[in-house]
Amino acid sequence: MSILTKLRCITLDVTGTLIAYKGELGDYYCMAAKAAGQQCPDYKRVHEGFKLAYTEMAKKHPCFGFAEKIPNILWWKTCVRNSFVQAGYEYDDETFEKIFRRIYATFGSSAPYSIFPDAIPFLRWLRERGVTVGLVSNAEYRYQDVILPALGLNQGSEWDFGIFSGLEGVEKPDPRIYEIALTKAGNVAPEEVLHIGDSLRKDYLPARSVGMHALLLDRFKTADAVDWKKSGATVLPDLIATKEWLTSENLKCSDL
């Protein structure tokens with residue numbers, strides 16, 4: 001029997017697994033600055049500035065400020081302003097407001113994202129076979145309400161339930177986010193669940209720690225995949241290969 005017959009639920013990471021960013025962060029920051037009559041900021045400096053600002057915000061106010069009930073737009077406004085400051089750009093309040101509004105609107109739409117062509121067929125294939133499909137993502141509410149539907153990933157046709165850190169107050173790699181997934185899946189046993197992601201630290205290890213099966217996708221041929229395999233993780237190139245793997249008669253759950 002195939003591994004698929006042993007599973008009642010499959011959960012998936014979103015960004016890097018089902019969807020990907022289009023272009024570079026600097027593209028969108030540049031367009032926003034130009035629209036406000038400013039020069040295009042340096043791509044590398046903005047990218048590095050964003051990484052520093054986001055890491056700081058996520059540490060001070062995790063899950064997009066969930067515990068402190070910080071409005072989503074305010075959390076991002078602070079992060080974006082600090083991104084520019086870290087990159088060496090400071091604007092007056094009126095100019096920054098124009099820039100920020102454009103950036104916030106852009107990343108609250110499907111514009112900066114593309115969906116992998118194997119995503120929708122794979123999710124529908126699972127649901128047609130009676131497998132419950134869940135999404136587990138470190139993302140805020142706009143993923144669930146706006147971005148995923150705009151990309152054709154709809155609750156009820158492509159996925160059954162979603163766990164988004166900005167709505168739950170727990171984020172990966174905290175194993176509790178996977179325990180929440182088990183509950184939302186209908187209190188299924190962890191050994192009847194497979195999680196698919198693209199991060200050893202955020203996806204594979206915490207899912208395994210609660211007793212779930214797990215595998216990793218290496219869509220971008222990352223150098224980290226060598227270490228993933230050395231750690232014992234099953235690593236596949238995409239969801240087409242995952243479908244073949246799930247239906248193989250020559251594998252068993254211990255091969256995960």
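How much accessible surface does the protein chain have, and what share of that surface belongs to carbon and sulfur atoms? Before I answer, let me say that what we are looking at is a predicted model. The accessible surface of the chain comes to about 12,200 Å², and carbon and sulfur atoms account for 51% of that area.

Let me stay with the whole chain for a moment. Its secondary structure consists of 12 helices and 8 strands. The radius of gyration is 19 Å, close to the 18 Å that the globule rule gives for 256 residues, so the chain is as compact as a globular protein of that length. If we take the principal axes as our frame, the C-alpha atoms fill a box of roughly 65 × 35 × 30 Å. Of the 256 residues, 49% are buried, and among contacts between residues at least 6 apart in sequence, 67% join residues that are at least 24 apart. As for the charges, there are 31 positive and 33 negative ones, and their mean positions are 1 Å apart.

Now to two of the helices, beginning with α1, which covers residues 25–35. Its buried residues are L25, G26, Y28, Y29, C30, A32 and A33, and they pack against α2, which spans 43–60, as well as against α4 and α5. After α1 comes G37, a residue whose phi is positive, near 80°.

The other helix is α7, residues 141–150, where the buried residues are R142, Y143, I147 and L148. Why can we say that these residues line one face of the helix? Seen down the axis of α7, they fall within an arc of 130°, so one face is what they line. As background, an α-helix has 3.6 residues a turn, so residues three or four places apart point the same way. The partners of the buried residues of α7 include both helices and strands: they pack against α4 (72–87) and α5 (93–106), and also against β2 (19–21), β3 (113–115), β4 (132–137) and β5 (161–164). Following α7 we find G152, with a positive phi near 90°.

Finally, a word on P71, which is placed in the loop between α3, residues 62–65, and α4. With a relative accessible area of 45%, P71 is partly exposed. Its C-alpha atom and that of D13 are separated by 24 Å, the two residues being 58 apart along the chain.

Notes: Residues are numbered from 1 along each chain as its sequence is written. This is a predicted model: local features need pLDDT of at least 70, side-chain atom pairs count only at pLDDT 80 or more; totals for chains, interfaces and linings use all residues. Side-chain values use heavy atoms; hydrogens and water are left out. Buried means under 20% relative accessible area, exposed over 50%, partly exposed in between (1.4 Å probe, protein chains only). Helices (H or I, at least four residues) and strands (E, at least two) are DSSP runs, numbered from the N terminus. The arc is that of the directions from the helix axis to the C-beta atoms. Contact means heavy atoms within 4.5 Å. The radius of gyration is taken over C-alpha atoms; the globule rule is 2.2 Å times the number of residues to the power 0.38. Accessible areas come from the Shrake-Rupley method with a 1.4 Å probe; for residues, only the protein chains shown count as cover. Lys and Arg count as positive and Asp and Glu as negative; His and the chain ends are not counted. The place of a charge is taken as NZ of Lys, CZ of Arg, CG of Asp or CD of Glu.
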